[in-house]
Amino acid sequence: MANDETLRSLMFTLSYVLMKRRRDVTSADAQRRREVQRRVAHRRYFQQRHKRMIMMMIAQTSRPVGGPPARPTRVWSSIESTDWWERVVMREFQPSDWLEKFRMTKETFFLLCGKLKPRLSRQDTRLRPALPLEKRVAVALWRLASNVEYRTISALFGVGRSTVCKCVRDVCHAIVLLLRPLYLRSPSEQELEDAARLFASRWGFPHCVGAVGSLHVPIIAPSSNTHSYWNSRGWLSVVTQGAVNGLGQFWDVCAGFPGSTEHSAILQNSTLWARGCDGFLLHEPPLDFMGRPLGYLMLGDAGYPLKSWLLKSFPESGALSDAQRAFNRKLERARGVVDEAFLRLRARWQCLLKRNDCRMDVIPTMILACCVLHNVCEVHGDEFIERWEEAVRHEESPQPADEVSPASDDHDGEEVRALFCQYFLQQENQQRTLAC
C-alpha cells in the first residue's frame with residue numbers, strides 16, 4: 001500500500017511538470033511569433049516611407065517634356081495658395097496699385113530687391129523650395145505700409161504667420177545693414193554746402209544745413225519697464241530723433257528711446273550731438289556772417305538746448321522785440337521741413353502711425369528701415385499721394401511737445417541767435433523800404 005501511494009504521488013508530480021513545461025513552450029512560441037510580426041511590420045513601414053520619399057524627390061527633380069513645370073512638393077508643410085501673388089500682383093498690378101500697396105513704383109521695388117539680394121537670397125532644398133526674394137520683400141513692405149495683422153498678410157500671400165513675422169524682421173535688418181550706408185548717412189562737405197545754399201534760397205536762412213526733430217511711435221505695453229514708455233500725452237510710445245536736409249531726406253536717425261525720455265537727453269546721447277560738439281559743422285575757412293566768422297548750423301524746437309550750432313526760437317511772450325519775432329518767423333518756417341518729413345514718413349509707412357504690436361527688440365530696426373525706405377522713395381522720385389496724409393492729420397494720439405529750461409542754453413548760442421535777429425530785422429526793413 002505504501003509503495004502504491006508513493007507511485008501515485010510521483011506520477012501526479014511528473015504529469016504536472018510536463019503540463020507546465022508544455023504551457024511555457026507554447027507561450028514562448030506565441031511571444032516569438034508576435035515579435036517577428038512586429039519587426040516585419042516595422043520594417044515594411046520604413047520601406048514604404050523610404051519609397052515615398054524617393055518618389056517625391058524624383059517628382060521634384062523631373063519635369064515633363066514640352067509641358068508646364070511641375071509644382072514642387074513640400075513634404076512636411078501644407079501647400080498654401082500663391083495665386084494672388086503670382087498672377088494678380090506680378091502680372092496684373094498697375095503702376096497705381098504698386099504705389100498704393102507697396103508705397104513705391106515697380107521699378108524701385110525691383111531695385112530694392114536687387115540691393116537686398118546678398119543678404120536675403122535663399123537656396124531651394126530637395127524637400128522644400130525657398131520663398132522667392134521678391135515675395136519676402138513684398139510681405140515686409142505690405143506690413144510696413146499698412147500695419148495690418150500678420151494673419152491677414154498670411155492669408156493674402158499664402159504663407160504662414162511665422163513666415164510673415166520672419167520676413168518683416170529679416171527684411172528690416174537687411175535694409176538697415178545694406179541700404180543705410182547708401183541712403184542714410186552723414187553729408188559730405190559738398191553736400192553741406194548744397195544744403196546751406198538750399199536753405200538760404202528757399203527759406204532765407206543762411207548757414208543752415210538741416211533741422212532736427214522728434215517723433216513718438218505708438219506701441220503696445222512692453223513686458224517690462226512699462227512706466228518709462230508713457231509720454232507726456234498719456235500714451236505708450238518710443239521716441240525717434242531725426243535730422244533732415246532741405247529736401248526732407250533723413251541723414252541722421254536715433255531710434256528706440258522710451259516715450260518718457262526728454263528730447264534733449266536723446267540728442268545728448270546721439271552721434272549728432274557728439275559730431276556737432278566736435279566741430280562737424282565748422283567750415284574751413286570760416287564763413288563770414290554779419291562781420292563774424294560762423295560755421296554751419298541746424299534748427300531745433302523748444303525741446304532742445306541752444307548751442308552755437310543748434311538754434312531754436314525764443315519762447316513766445318509779449319515782451320519779444322521786433323528782431324526776436326522776425327527770427328522766430330524765419331526759424332519756424334525753415335524748421336518746418338523736419339515736420340513735413342515726419343508727416344510724409346508716417347503717411348507712407350503707417351506702421352509708425354498706428355499702434356505697433358511688434359516686439360521691443362524689433363521696433364527700433366523697423367523705424368530705421370522706414371526712414372531708409374523714405375529716403376529711397378524720395379531719391380528715386382516715387383510719387384507721394386496727398387491722400388495718405390489724411391490718416392496722419394486725423395490721428396487720435398497727437399505728438400507730445402517738450403521744452404527745456406533756458407538755463408541749459410549756451411552763451412555762444414545766444415550770441416549767434418542775436419546775430420540772426422539783427423540780420424532778419426535788417427532783411428525785413430529792406431523789404432518794407434523796397435515795397436514803399
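A residue counts as buried when its relative accessible area is under 20%, and as partly exposed when that value falls between 20% and 50%. With that in hand, a tour of this predicted model can start with its salt bridges, 22 of which turn up across the whole structure.

One of them joins Arg348 and Glu378, with N and O 3.3 Å apart. This pair ties together distant parts of the chain, since Arg348 belongs to helix α11 (residues 322-348) and Glu378 to helix α12, 30 residues away. Both Arg348 and Glu378 are buried. Arg197 and Asp194 also meet, at 2.9 Å from N to O, but here the two residues sit 3 apart in helix α8 (residues 189-202), so about one helical turn separates them. Arg197 is partly exposed at 48%, and Asp194 is partly exposed at 33%. Elsewhere, salt bridges link Glu35, Arg38 and Arg39 into a network.

Then there is the sheet. It is open and mixed, with 5 strands in the order β3-β2-β1-β6-β7. Strands β3 (250-258) and β7 (310-311) each have a single partner, so they stand at the edges with one side lacking a neighbour in the sheet. Strands β2 and β3 run antiparallel and share 7 bridges, one of which pairs Thr240 with Ala255 in β3. In the hairpin of these two strands, 5 residues lie between them, and Gly248 adopts a positive phi near 80 degrees. The pairing of β1 (residues 208-218) with β6 (residues 297-299) is parallel, over 3 bridges, and Ala211 sits opposite Leu299 in β6.

Helix α12 (residues 363-379) connects the two themes: the helix that holds Glu378 also lies across β1, β2 and β3, at about 160 degrees to β3.

How values were computed: Residues are numbered from 1 along each chain as its sequence is written. This is a predicted model: local features need pLDDT of at least 70, side-chain atom pairs count only at pLDDT 80 or more; totals for chains, interfaces and linings use all residues. Side-chain values use heavy atoms; hydrogens and water are left out. Two strands pair if DSSP finds at least two bridges between them. Helices (H or I, at least four residues) and strands (E, at least two) are DSSP runs, numbered from the N terminus. Contact means heavy atoms within 4.5 Å. Axes are lines fitted to C-alpha atoms, for helices over the stretch in contact, and angles run from 0 to 180 degrees between N-to-C directions. A salt bridge is a side-chain nitrogen of Lys or Arg within 4 Å of a carboxyl oxygen of Asp or Glu. Buried means under 20% relative accessible area, exposed over 50%, partly exposed in between (1.4 Å probe, protein chains only).
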